Amino acid sequence: MKTKKKVIVIGAGFGGLQVVHTLANRKDFEVIVIDKTNHHLFQPLLYQVATAVLSPADIAIPTRSITTNYKNVKLYMARVDKIDFETNEVYFGNGKETYDFLVIATGAQTSYFGNEEWKKHTFGLKNLKDALAIRRQILLSFEEAELSGDPEKIEQMLNYVIIGGGPTGVELAGSIAELSHNIIRKDFRIIDSANTKVTLIEAGPRLLSNFHEDLSEFTKKKLEERGVEILLNSPVKSIDADGIELTNRKIKSKTVIWAAGVEAAGITRALPFSKDRSGRLIVDGYCRISEKPNVYVIGDAASFSYNMKRPLPGVSPVAMQQGRFVASFLRNGLDESRMRPFTYFDKGNMATIGRTDAVAEFSIFRLKGFFGWMGWLFVHLVYQVGFKNKMSTLLSWIWSYLTFRAGARLIQEEINEPKQL
Ligand SMILES: Cc1cc2nc3c(=O)[nH]c(=O)nc-3n(C[C@H](O)[C@H](O)[C@H](O)COP(=O)(O)OP(=O)(O)OC[C@H]3O[C@@H](n4cnc5c(N)ncnc54)[C@H](O)[C@@H]3O)c2cc1C
């Protein structure tokens with residue numbers, strides 16, 4: 001008689017990893033984790049890799065090193081491209097595995113809201129590759145401006161546009177302004193990097209629309225003090241290789257960063273079950289797909305609105321809590337009399353604006369400015385995965401704070417590789 005239950009987890013992000021931790025070293029479960037990358041990524045600090053404050057290895061950790069001591073966990077670095085829900089089989093690369101229970105934790109991808117052609121003229125920020133592409137673009141633009149000699153080209157090169165006034169847009173805008181207006185200013189002789197223009201564009205009436213209005217106002221004021229131009233109520237009409245067009249204005253820029261939205265990742269969108277407008281799979285109170293009760297969906301891939309007016313937001317605490325919930329439900333033998341449906345414990349929202357300024361709100365109080373920033377630093381250190389990453393991030397922050405320098409200002413390629421003679 002088969003006693004071990006086989007659980008396949010697709011995605012070793014915030015949600016998937018919690019399933020793995022909770023089922024680790026259980027004799028009654030065999031766990032197979034499949035992820036297309038070899039690392040767990042701390043996405044909240046991606047913007048600091050994009051702006052050269054941190055290195056990739058500070059915010060990513062090899063998944064194999066996390067599961068070293070989990071004897072019942074097997075890992076594949078592979079992209080899942082097909083799931084057969086009749087035979088309970090998951091297909092990836094040249095392999096396939098059969099499951100008793102499946103947990104889909106594949107996260108989200110950048111969404112262009114149907115304007116797919118904008119993708120090729122903008123930079124998204126969802127993974128390490130994206131962050132390194134932005135870092136390269138920003139650092140190269142300063143180098144090219146220093147070489148150029150043409151004032152019009154210099155202006156275009158030192159014009160950075162960020163679309164989307166949520167936490168990622170705010171954090172990027174503050175960080176790019178700090179990098180150009182302060183950190184690298186003394187390093188260039190021809191251009192004055194303080195002339196860099198950073199424009200943050202938001203289609204709605206305020207920044208950080210999920211936060212209290214007072215915090216949105218504070219964020220706007222603090223970004224403006226740092227030299228960021230903020231355009232509210234400004235939906236983007238078009239984007240091309242030269243820049244962007246709004247209803248009443250064109251902005252020339254070679255660096256347009258798209259931080260305006262996400263949708264469920266590719267594999268989820270192709271599955272034959274009910275989804276919401278963002279392609280997220282609709283789940284019941286136990287994070288299950290109702291037609292397939294042995295299939296669970298958690299985190300950014302799931303649309304969870306059981307007993308609620310609106311689906312839960314795509315943030316890491318939702319993914320982590322759902323991951324732990326689903327694994328506990330499996331451990332408890334799927335006994336609904338022992339476990340009530342999932343409820344989310346909302347710990348609050350945070351966004352940093354720059355050196356010594358952040359906003360944070362919790363159920364009963366709000367913080368802004370220095371105390372918000374201290375809270376932000378603390379929470380982001382605590383939730384980083386791995387002691388080494390916590391320490392290297394902390395040291396990089398202390399060093400940047402004390403020296404006004406950015407530690408990871410590397411462009412990995414040579415410029416204009418010489419032609420072979
Ligand atoms: C720039 C940025 C900043 C953010 N800041 C914050 C913040 O400050 N606070 C906060 O709470 N949240 C923040 N978030 C959101 C948070 O990161 C997500 O809500 C969280 O990562 C969701 O966890 P998840 O497990 O659902 O997906 P993820 O953590 O994204 O993990 C998904 C995993 O699935 C893998 N995968 C996807 N498709 C496949 C496939 N077909 N085959 C195999 N593997 C696959 C991916 O490689 C990835 O490892 C931010 C996100 C971004 C992009």
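Leaving out residues up to four places away in sequence, which residues does H39 touch? The list is A60, I61, P62, T63 and L128. This is a predicted model, so read every value here as something computed from predicted coordinates.

**Around H39**

H39 is part of strand β3, which covers residues 39–41. Besides the contacts just named, the side chain of H39 has a polar partner: a 3.0 Å polar contact ties it to the side chain of N38.

**The ligand site**

There are 29 residues around the ligand, and the ones that come nearest are G15, D35, Q43, D300 and S316. D35 is also one of the residues with a polar atom facing a ligand oxygen, at 2.6 Å and through its side chain. With G314 and V315, the protein side of the pair is a backbone atom instead: polar in the case of G314, and an N or O atom in the case of V315. Here are those three pairs, laid out together:

| Residue | Atom on the protein side | Distance to a ligand oxygen atom |
|---|---|---|
| D35 | polar side-chain atom | 2.6 Å |
| G314 | polar backbone atom | 3.1 Å |
| V315 | backbone N or O atom | 3.4 Å |

**How the two domains meet**

The domain assignment splits the protein into domain 1, made of 5–36 + 78–110 + 263–331, and domain 2, made of 116–260 + 348–403. Going by C-alpha atoms, the centres of domain 1 and domain 2 sit 32 Å apart.

What does the interface itself look like? Five residues of domain 1 contact five residues of domain 2. Between them, domain 1 and domain 2 bury about 430 Å², and 65% of that is on carbon and sulfur atoms. On the domain 1 side, the residues that lose the most area to domain 2 are A108, T110 and M320, which together make up 62% of what that side buries.

How many salt bridges does the rule find across the interface of domain 1 and domain 2? Zero. The count of residue pairs in polar contact across the interface of domain 1 and domain 2 is zero too, with both residues required to be at pLDDT 80 or more.

Looking at which element supplies the domain 1 side, strand β10 (residues 108–110) gives the largest share of what touches domain 2, with three residues. By class, the domain 1 side that touches domain 2 holds two nonpolar, two polar and one charged residues.

**Two backbone oddities**

Where are the positive phi angles that don't belong to a glycine? N88 is one of them, with phi at about 60 degrees. N88 sits in the loop that runs between β6 (80–84) and β7 (89–92). L208, also not a glycine, has a positive phi of about 45 degrees. The loop holding L208 lies between β12 (197–201) and α8 (213–225).

Notes: Residues numbered from 1 in each chain as written. Predicted model: local features only at pLDDT ≥ 70, side-chain atom pairs only at ≥ 80, totals over all residues. Heavy atoms only, no water. Domains from an automatic or database assignment. Contact = heavy atoms within 4.5 Å. Buried area = accessible area lost by both parts, 1.4 Å probe. Salt bridge = Lys/Arg side-chain N within 4 Å of Asp/Glu carboxyl O. Polar contact = N/O pair within 3.5 Å; in protein donor to acceptor, adjacent residues only side chain to side chain. Helix = DSSP H or I, 4+ residues; strand = E, 2+ residues; numbered from the N terminus. Nonpolar A, V, L, I, M, F, W, Y, C, P; charged D, E, K, R; others polar. Near = heavy atom within 4 Å.
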